[in-house]
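Thanks for making time this morning. I would like to walk you through a few helices and how they pack, so please have a look at the model first.

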Amino acid sequence: AEPARDAWWVLLAEAQYGAQDYPRALAAASRVEVLAPQSAEGLLWKGAALAALGRHQDAIEALRAGLARAPQNPAGGWLLLGNTYYALRLFPDAIAAYRQAAKFESHREAAQDSLGIALKDGGQFDEALKLFEAAKVRRPQDPFVWRQIGFVNASLGRSEQAVPALEHSLQLDPKQAKVWRALLESYHAAGRPQEVRRAQARLLELDRDAAEQAYRDYLLPYEAAR
């Protein structure tokens, strides 16, 4: 009805992205560029679609250009940029983008969660742990927070602190295969072979390949030593 109205193309790009039809989202966002070359929103949705299609460098260019043009939803743009940097394992850039997103109340919780993960994976364990410990106070029933506390402590070699956090995360959600694997490793580091066996049995119910690898890595040496 109004093919020259760029606002409709922005909404279409958003809807197609939400429907996970990323090629069409990219096409709609590219149409915005033609109709309104200065549109920040068109560039942000273009970047989102490009990132979803695995074109990360192109996505970064589009997202940074969109953010430079004062978009209506800058927090979402910074989150998308952080996610794109994170996918490339560019942790310092991801951390910087998530810090920008965390300045906005509407996206603060999500941005801080992503920031904590980027800090952890970037080796900044102490700051990551502070974020997750603070999140634990606000969301004590969230298995995500407890598992991240466990992961950070395990990375720091603190198996005795990692174990209760991972156990609590699994009490809240027992179907986390990755957490069972991490708990198994922490049990092993703490010298608790019976708990290693128990965790491996639970992992077997959820991920046979991971459980078999864990058996070879952690239980077979016990069997060979008998």
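I will take two helix pairs in turn and then one single helix.

This is a predicted model, in which local features need pLDDT of at least 70 and side-chain atom pairs count only at pLDDT 80 or more, while totals for chains, interfaces and linings use all residues. Residues are numbered from 1 along each chain as its sequence is written, and side-chain values use heavy atoms, with hydrogens and water left out. Helices here are DSSP runs of H or I with at least four residues, numbered from the N terminus.

Two packed helices are described by the angle between their axes and the distance between the axes. The axes of α1 (residues 6–18) and α2 (residues 22–35) come within 8 Å and cross at roughly 160 degrees, the axes being lines fitted to C-alpha atoms over the stretch in contact, with angles from 0 to 180 degrees between N-to-C directions. The two helices are therefore roughly antiparallel, a term for angles over 145 degrees. Among the residues in contact (heavy atoms within 4.5 Å) are Trp9 and Tyr17 of α1 and Tyr22 and Leu35 of α2.

For α6 (residues 91–101) and α7 (residues 108–121), the axes come within 9 Å and cross at roughly 160 degrees, which makes α6 roughly antiparallel to α7. Their contact includes Phe91 and Tyr98 of α6 and Leu115 and Leu119 of α7.

Finally, in α4 the residues Ala59, Ile60, Ala62, Leu63, Gly66 and Leu67 are buried, meaning under 20% relative accessible area with a 1.4 Å probe, protein chains only. The buried residues of α4 pack against α3 (40–52) and α5 (74–87).

How values were computed
Buried < 20%, exposed > 50% of the residue type's maximum accessible area, 1.4 Å probe, protein only. Parallel < 35°, antiparallel > 145°, perpendicular 65-115°, else oblique.
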